[in-house]
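Hi everyone, thanks for coming. Please have the sequence and the model open, and we will walk through them together.

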Amino acid sequence: MPLSFKQTVIIIAVAAVCTFATRLVPFVLFSGKKEPPKFVRYIGSVLPVAIIGVLIVYGIGDARETGLYALWPKLIAVAATALVHIWRRNTLLSIAVGTIGYMLLINFVFV
């Protein structure tokens, strides 16, 4: 059953408010001159690396189902991402290189 225009607008509005609220809460809680608690600083330093590890395992973890041929573009993209990050230390550039590289590989090389 397709959604009406009103339902679609309501869903988008609720998603936008929830997204904005989750981005706003840390600034409200930790604004000003006071330091964030040690636990929050620890989570902030450990969580990005953990998330990247989970994403790599998730992305490459289906090798048994998809086969070795489908694993090559993923491994090449992961290697390119790691090399660019080691070289430039720029997270946005590293993610862009990995994503664009993977898309080019699966669409033009490993067809």
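Let me begin with a word we will need: a pocket here is an open set of grid points with protein on both sides within 12 Å along at least five of seven lines. The volume of a pocket is the space filled by probe spheres set on those points. And please keep in mind that what you are looking at is a predicted model.

So, how big is the volume of the largest pocket? The largest pocket comes to about 730 Å³. Its lining is made of 20 residues. If you would like to find its centre on your screen, look for Ile52, Leu55, Ile56, Val78 and Thr81, which lie nearest to it. Which helices each supply at least two residues of that lining? They are helix H2, running over 38-60, helix H4, over 68-88, and helix H5, over 91-109. As for the chemistry of the lining, 12 of the residues are nonpolar, 7 are polar and 1 is charged.

Now let's step back to the whole protein. The secondary structure consists of 5 helices and 0 strands, and reading along the sequence gives the pattern α-α-α-α-α.

What about overall dimensions? The C-alpha trace spans about 50 × 50 × 25 Å along its principal axes. The radius of gyration of the protein is 20 Å, where a compact globule of 111 residues would have one near 13 Å. Buried residues account for 7% of the 111 residues. The exposed surface of the protein is about 9400 Å², with carbon and sulfur atoms supplying 76% of it. And if we take the contacts with a separation of 6 or more, 37% of them are between residues 24 or more positions apart.

With that picture in mind, let's visit a few residues, starting with helix H5. Ser94 has its place in this helix. Is Ser94 buried or exposed? Buried means under 20% relative accessible area, and Ser94 counts as buried because its relative accessibility is 2%. Setting aside neighbours within four places in sequence, Ser94 is in contact with Thr81, Val84 and His85. You have met Thr81 already, among the residues that lie nearest the centre of the largest pocket.

Next, go to the loop between H4 and H5, where you will find Arg89. Most residues other than glycine have a negative phi. Arg89 is not a glycine, yet it has a positive phi of about 55°. Arg89 is also exposed, because its relative accessible area is 61%, and the cut-off for exposed is over 50%.

Our last stop is helix H1, residues 5-29, with three residues to look at. Pro26 lies in this helix and is partly exposed, at a relative accessible area of 37%. Pro26 and Pro36 are 10 residues apart in sequence, and their C-alpha atoms are 9.7 Å apart in space.

Leu24 is found in helix H1 too. Leu24 is partly exposed, with a relative accessible area of 38%. From the C-alpha atom of Leu24 to that of Gly59, 35 residues away along the chain, the separation is 30 Å.

Finally, Ala21 also lies in helix H1, and with a relative accessible area of 33% Ala21 is partly exposed. Where does Ala21 stand relative to Thr66? The two are 45 residues apart along the chain, and 39 Å separates their C-alpha atoms.

To recap the main points: this is a predicted model with 5 helices and 0 strands, and its largest pocket has a volume of about 730 Å³. Thanks for listening!

Key
Residues numbered from 1 in each chain as written. Predicted model: local features only at pLDDT ≥ 70, side-chain atom pairs only at ≥ 80, totals over all residues. Heavy atoms only, no water. 1 Å grid on protein atoms, 1.4 Å probe; cavity = no way out; pocket = protein on both sides within 12 Å on 5 of 7 lines; lining within 4 Å. Helix = DSSP H or I, 4+ residues; strand = E, 2+ residues; numbered from the N terminus. Nonpolar A, V, L, I, M, F, W, Y, C, P; charged D, E, K, R; others polar. Rg over C-alpha atoms; globule rule 2.2 N^0.38 Å. Buried < 20%, exposed > 50% of the residue type's maximum accessible area, 1.4 Å probe, protein only. Contact = heavy atoms within 4.5 Å. Areas by Shrake-Rupley, 256 points an atom, 1.4 Å probe, with all protein chains shown as cover.
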